[in-house]
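Please open the model in your viewer and keep the selection tool at hand. The tour goes from one selection to the next.

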Amino acid sequence: MTVMTSWDLFDDLRAAQDELLRANSPYGQRFTPAGHFVHQFGTGQGAQAWAPPVDITERKDAYLVSVELPGVGTEDLEITFQDGLLTIQGERLAAHDPAAEKIHRSERRYGAFRRSITLPSHVMADAIEASAQDGVLQILVPKAKEAHAKRIPVRPATGKAAVAAKAAKAAKNGA
């Protein structure tokens, strides 16, 4: 009688991921007896800090800061701009009660967060706008008028400057 066992590539990948997490587990993470990663909830020493991912792009007229914040309501956000520092802070609350449910795997981060971004001094602080849609916060930071690029035409030199330029060119060429 031949005994067949099935092999699942994803089981091996999950086991490898769990082993890496276990080897590199920072304070505030724990594993179940089965080896599954579980985030400890709360605000005490077991709580883990997290920072949402941010993209910063520049247009001719403004900077655009995009922040991924799924599950964070606009009432849980505070955005400030002071001395060239744009600060985004808030809190994402846990979706479940860890005391009432058996958690097998929890990889999302919860709790308070804070991101600070240094922006150039040539922005219009009074015109900064923020909006949120589909879990993405977008902050538009308009540039001040003097920050816009100004094209400076170059004209040929005349008079003494032209003579001095020709003499310098001739000396360089050995004439």
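Which residue lies over the face of tryptophan 50, and at what distance from the ring centre? Select tryptophan 50 in this predicted model, and you will find arginine 92 over its face, at 4.2 Å from the ring centre.

Next, select tyrosine 63 together with lysine 143, where the charged end of the lysine sits over the ring of the tyrosine, 5.2 Å from its centre.

From there, go to strand 4, which covers residues 62-68, and pick out serine 66 within that strand. Serine 66 counts as buried because its relative accessibility is 16%, and the cut-off for that class is under 20%. If you display its surroundings and leave aside the neighbours within four places in sequence, serine 66 is in contact with Pro53, Val54 and Asp55, and also with Val136, Leu137 and Gln138.

Now select strands 5, 6 and 7, three strands that form an open sheet in the order 5-6-7 with antiparallel pairing. Strand 5 (77-82) and strand 7 (111-118) are the edge strands, each of them pairing on one side only. Neighbouring strands of this sheet are turned by 15 degrees against each other on average, with direction ignored. As background to this view, strands of a sheet pair through backbone hydrogen bonds, in either a parallel or an antiparallel manner.

To finish, keep strand 5 and strand 6 (residues 85-92) on display, since the antiparallel pairing between these two strands runs over six bridges. Within this view, select glutamine 82 and look across to leucine 85 in strand 6, which stands opposite.

Notes. Residues numbered from 1 in each chain as written. Predicted model: local features only at pLDDT ≥ 70, side-chain atom pairs only at ≥ 80, totals over all residues. Heavy atoms only, no water. Helix = DSSP H or I, 4+ residues; strand = E, 2+ residues; numbered from the N terminus. Buried < 20%, exposed > 50% of the residue type's maximum accessible area, 1.4 Å probe, protein only. Contact = heavy atoms within 4.5 Å. Pairing = 2+ DSSP bridges. Axes fitted to C-alpha atoms, helices over the stretch in contact; angles between N-to-C directions. Lys NZ or Arg CZ within 6 Å of the ring centre and 35° of its normal.
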